[in-house]
Amino acid sequence: LYSQGLYFCVFAVRMLLELLLFGAALVGLYFLLHLTVLKMPRCKSDVTLNGKTAIVTGANTGIGKTTAMDLARRGARVIMACRDRGRAEAAIKDIVQETGNNQVVFMQLDLSSLKSVRSFAENFLRLESRLDLLINNAGLLSKGKTEDGFGMIFGVNHLGHFLLTVLLLDRLKASGPSRIVTVSSDGHKGGKVDFNCLTTHRDLSLGDNDFQLLKNYCHSKLCNILFTTELAKRLQDSDVTCYSLHPGIIKTEIARNTGFLWKLVVTPIFAPFLVDAESGAQTTLHCALEPGIEHLSGHYFSSCAPLTNLKARDDATAKKLWELSESFCGLS
């Protein structure tokens with residue numbers, strides 16, 4: 001009995017050591033990934049923004065808040081375009097305390113309501129004399145319909161930002177040189193635009209399970225790129241440039257409205273590969289601030305560099321999406 005007990009003790013110690021070594025190897029691999037493959041380039045611009053005004057949508061959390069923080073640190077007047085006043089004001093308190101810039105202002109914007117978008121634009125144009133940067137950052141992964149009957153993902157991620165941009169274009173032109181930056185995703189590679197579904201159901205596709213939500217998200221991110229492609233064409237004779245981008249695989253709250261299966265299975269799988277919001281904001285900042293990229297208006301950026309051979313830059317589809325979006329917003 002004594003020898004059997006000793007054997008099991010040795011076996012247990014050996015198993016514990018092997019588990020500890022395996023855990024240490026996983027931790028080492030995690031840090032190695034974040035120091036190499038997952039390491040994000042930094043925005044190198046030293047531009048200051050004193051006297052400039054920027055709008056950042058979804059600025060109360062994640063890469064939106066980090067972007068707003070950086071712009072405020074550079075001296076910009078930052079308009080925090082957010083739906084939730086409480087969360088926005090908490091973020092503003094953090095930004096002011098961190099940067100010492102008191103020109104950080106909340107203005108309510110609910111991108112799921114075209115009425116709210118119009119109200120925001122009217123208030124902004126009445127209160128603010130210039131607009132130098134429009135950062136279309138907000139995005140969600142959520143089921144349901146918008147106030148106007150559009151699919152929630154399509155309505156917020158594309159249509160709300162489309163209307164916001166169009167309504168503010170004259171002020172951007174008057175303040176030029178100015179820039180419009182729209183946060184997309186490499187998820188666009190799995191996206192498509194089904195115009196029949198959009199016309200009939202006011203949505204990018206049908207279904208509301210977690211897999212379908214992810215597909216709709218990818219479709220909406222393709223819409224962001226197509227929107228930027230057509231926008232650049234319409235801005236050719238102006239002093240306004242525009243860019244779309246992939247921020248990286250970022251740890252944010254974007255999936256907070258997903259179902260139990262997503263949070264139980266998908267989130268833990270991707271968790272080791274996520275980078276922080278500060279890293280995720282760098283390509284946004286590069287597109288907003290880097291001098292000398294004006295000739296790349298309409299391009300898609302990733303890791304602070306343009307991807308010039310992007311198949312998603314389909315001029316015909318971009319034009320058709322623009323015209324349909326105008327119709328949905330009552331602009332045509």
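**Strand 4 and the nonpolar cores**

Q: In this predicted model, which strand is joined to strand 4 by 4 bridges?
A: Strand 4 covers residues 133-136. The partner joined to strand 4 by 4 bridges runs parallel with it. That partner spans residues 178-183 and is strand 5.

Q: Which residue of strand 5 stands opposite Asn 136, and what is the hand of the crossover between strand 4 and strand 5?
A: Opposite Asn 136, strand 5 places Thr 182. From strand 4 the chain passes through helix 5, residues 152-174, before reaching strand 5. This β-α-β crossover is right-handed.

Q: What is the bridge partner of Val 56 in strand 4?
A: Strand 1, residues 53-57, pairs with strand 4 in the parallel sense over 3 bridges. Within strand 4, Val 56 has as its bridge partner Ile 135.

Q: Are the residues on the two faces of strand 4 buried or exposed?
A: One side carries Leu 133 and Ile 135, and the other carries Leu 134 and Asn 136. Both faces are covered, and these four residues are all buried.

Q: Which element gives the largest share of the largest nonpolar core?
A: The largest nonpolar core has 54 residues, and Ile 55, Phe 120, Ile 180 and Leu 198 have the most contacts inside it. Elements giving two or more residues to this core include strand 2, helix 4 and helix 7. The largest share, 11 residues, comes from helix 5.

Q: How many residues are in the other core, which includes Ile 135?
A: This core lies apart from the largest one, and Ile 95, Phe 106 and Ala 277 are also among its residues. Its size is 35 residues.

Technical notes
Residues are numbered from 1 along each chain as its sequence is written. This is a predicted model: local features need pLDDT of at least 70, side-chain atom pairs count only at pLDDT 80 or more; totals for chains, interfaces and linings use all residues. Side-chain values use heavy atoms; hydrogens and water are left out. Buried means under 20% relative accessible area, exposed over 50%, partly exposed in between (1.4 Å probe, protein chains only). Two strands pair if DSSP finds at least two bridges between them. A crossover is right-handed if, with the strands pointing away from the viewer, the path from the first strand over the helix to the second runs clockwise. A nonpolar core is a set of buried Ala, Val, Leu, Ile, Met, Phe, Trp, Tyr and Cys residues joined through side-chain atoms within 4.5 Å.
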